[in-house]
Amino acid sequence: MSLRPIAFSIPSTTQLKITFSNNVVENISTDNFAVTSLNGAVDDLEILSVTVTESTVLVKTRPQVS
């Protein structure tokens with residue numbers, strides 16, 4: 001069965017929460033994710049860490065607002 005995102009939320013200005021259809025392997029890292037700005041005037045988010053809990057990934061970033 002393929003792994004696909006099924007839910008996305010922004011719990012705080014420094015966190016992104018992604019829930020997948022199946023459990024995610026725990027050996028993923030910040031290199032597996034990128035958050036790209038849709039506006040050229042705003043920098044892409046810097047990812048600080050990634051935490052995996054079963055099918056949920058919590059991505060910690062620099063603040064999403066200036």
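This is a short talk on the sheet and the largest pocket of one structure.

A word on the source before the details: what you have on screen is a predicted model.

I'll start with the sheet. Four strands make it up, and the sheet is open, with the order β1-β2-β4-β3 and antiparallel pairing. At the edges sit β1, residues 5-12, and β3, residues 47-53, each of which pairs on one side only. On average, neighbouring strands of this sheet are turned by 20° against each other, with direction ignored.

Now take the β1 side. Here β1 runs antiparallel to β2, residues 15-20, and 5 bridges join the two. If you want one pair to look at, find Ser 9, whose bridge partner in β2 is Lys 17.

On to the other edge. β3 pairs with β4, residues 56-61, again in the antiparallel sense, over 6 bridges. One pair to look at here is Val 50 with its bridge partner in β4, Val 59. How many residues lie between β3 and β4 in their hairpin? There are 2. In that turn, Glu 54 has a positive phi of about 55°.

As a general reminder, strands of a sheet pair through backbone hydrogen bonds, either parallel or antiparallel.

That leaves the pocket. The largest one holds about 230 Å³ of space. Its lining consists of 14 residues. Which of them lie nearest the centre of the pocket? Those are Val 42, Asp 43, Asp 44, Leu 45 and Gln 64. By class, the lining of the largest pocket divides into 6 nonpolar, 4 polar and 4 charged residues.

That's all from me.

Conventions. Residues numbered from 1 in each chain as written. Predicted model: local features only at pLDDT ≥ 70, side-chain atom pairs only at ≥ 80, totals over all residues. Heavy atoms only, no water. Pairing = 2+ DSSP bridges. Axes fitted to C-alpha atoms, helices over the stretch in contact; angles between N-to-C directions. 1 Å grid on protein atoms, 1.4 Å probe; cavity = no way out; pocket = protein on both sides within 12 Å on 5 of 7 lines; lining within 4 Å. Points joined across faces, edges and corners; volume = space filled by probe spheres on them. Nonpolar A, V, L, I, M, F, W, Y, C, P; charged D, E, K, R; others polar.
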